[in-house]
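Welcome! Let's take a walk through this structure together, beginning at the surface and then turning to the charged pairs.

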Amino acid sequence: MRKLFCFILLNILFGKAVFCQIKDSIQTSPQPYATQKFSSYIAPAVLLSYGTISLLGSNFIRDLDFSTHFELKEDHPNFNVKLDNYMRYAPLVAVYGLDLIGIKAKHSFADRSASLLLSAAIMVTTVSTLKGITNRLRPNGTNNHSYPSGHTATAFMLAEFLNQEYKDRSVWFGIAGYSLAAGTGVFRMYNKAHWISDVVAGAGFGMLATKLAYLAYPKIKKLVLPNSTTNFTLTPSYQQGTAGFSLSYQIGK
């Protein structure tokens, strides 16, 4: 019964060949950045609220942390599959991979890469700071950096990145990205690295980081480069049996 409740909870919280020369402009994009609707922040707000409550002493959410962990430990004592170390990056591979094979992302290579870097900066700073402040012991007892889950935050940051770039093409891109991100969180619990509230909070921080980055980036770009154009050229190369890429850029008025 407890497993069924956790499964329903996770679904409620989380459900919502060609090498070529690529030229992109940091000033112009295939489509402009859309205004973030207030309703789009409801999901991360709910996830973060759930995680915050777990920090407020003994309550039903913290009790669920313990009961879920002990049940997973009892049913799968030797579980040790580190797929979560790689699964979290799948949405990132999808964004650039789809673009390379001709399924174009919403924004240019330069714009979406800059937005991604800003998302990562927000997420890493927030998660690292909270890990030190909360000082929560991991279920496996290895250290006191349990809250929130960094793996899950990364996975949901990248899932929202995929959603931002491809949601106008099909809702299924976002669904696939969030499914992989949720899977990352589940593996973190099965590997005894995190409590369920760590995972839920990590999902909230990851989603929010990308949403804030997509909100702030156009304003930052306008402030830093009001009248200039930066052209990027990414060219594949193959010399003496070694494949690679060369990146060049030009900044001008």
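This is a predicted model, and a good place to begin is its surface, where Ile53, Leu55 and Leu56 form a nonpolar patch. Together these three residues have about 260 Å² of accessible area. You can find Ile53 in helix α2, which covers residues 42-54. Ile53 counts as partly exposed because its relative accessibility is 32%, and partly exposed residues fall between the 20% and 50% limits.

Now for the charged side chains. The model has 9 salt bridges. In one of them, Arg62 meets Asp65, with N and O 2.8 Å apart. Both residues sit in helix α3 (residues 60-75), and because they are 3 residues apart there, about one helical turn separates them. Arg62 and Asp65 are both buried. This pair also belongs to a network of salt bridges that links Arg62, Asp65, Arg136 and Asp198.

Other salt bridges reach between helices. Arg112 pairs with Asp99, and their closest N and O atoms are 2.9 Å apart. Here distant parts of the chain are linked: Arg112 belongs to helix α6 (residues 109-134) and Asp99 to helix α5 (residues 90-100), 13 residues apart. Arg112 and Asp99 are both buried.

Which residue does the side chain of Lys221 meet in a salt bridge? The partner is Asp111, at 3.5 Å from N to O. Lys221 lies in helix α9 (residues 196-224) and Asp111 in helix α6, so this salt bridge ties together parts that are 110 residues apart in sequence. Lys221 and Asp111 are also both buried.

Note on methods
Residues are numbered from 1 along each chain as its sequence is written. This is a predicted model: local features need pLDDT of at least 70, side-chain atom pairs count only at pLDDT 80 or more; totals for chains, interfaces and linings use all residues. Side-chain values use heavy atoms; hydrogens and water are left out. Patches are made of residues with over 30% relative accessible area and no salt bridge: like charges are joined within 9 Å, nonpolar side chains (Val, Leu, Ile, Met, Phe, Trp, Tyr) within 5 Å. Accessible areas come from the Shrake-Rupley method with a 1.4 Å probe; for residues, only the protein chains shown count as cover. A salt bridge is a side-chain nitrogen of Lys or Arg within 4 Å of a carboxyl oxygen of Asp or Glu. Helices (H or I, at least four residues) and strands (E, at least two) are DSSP runs, numbered from the N terminus. Buried means under 20% relative accessible area, exposed over 50%, partly exposed in between (1.4 Å probe, protein chains only).
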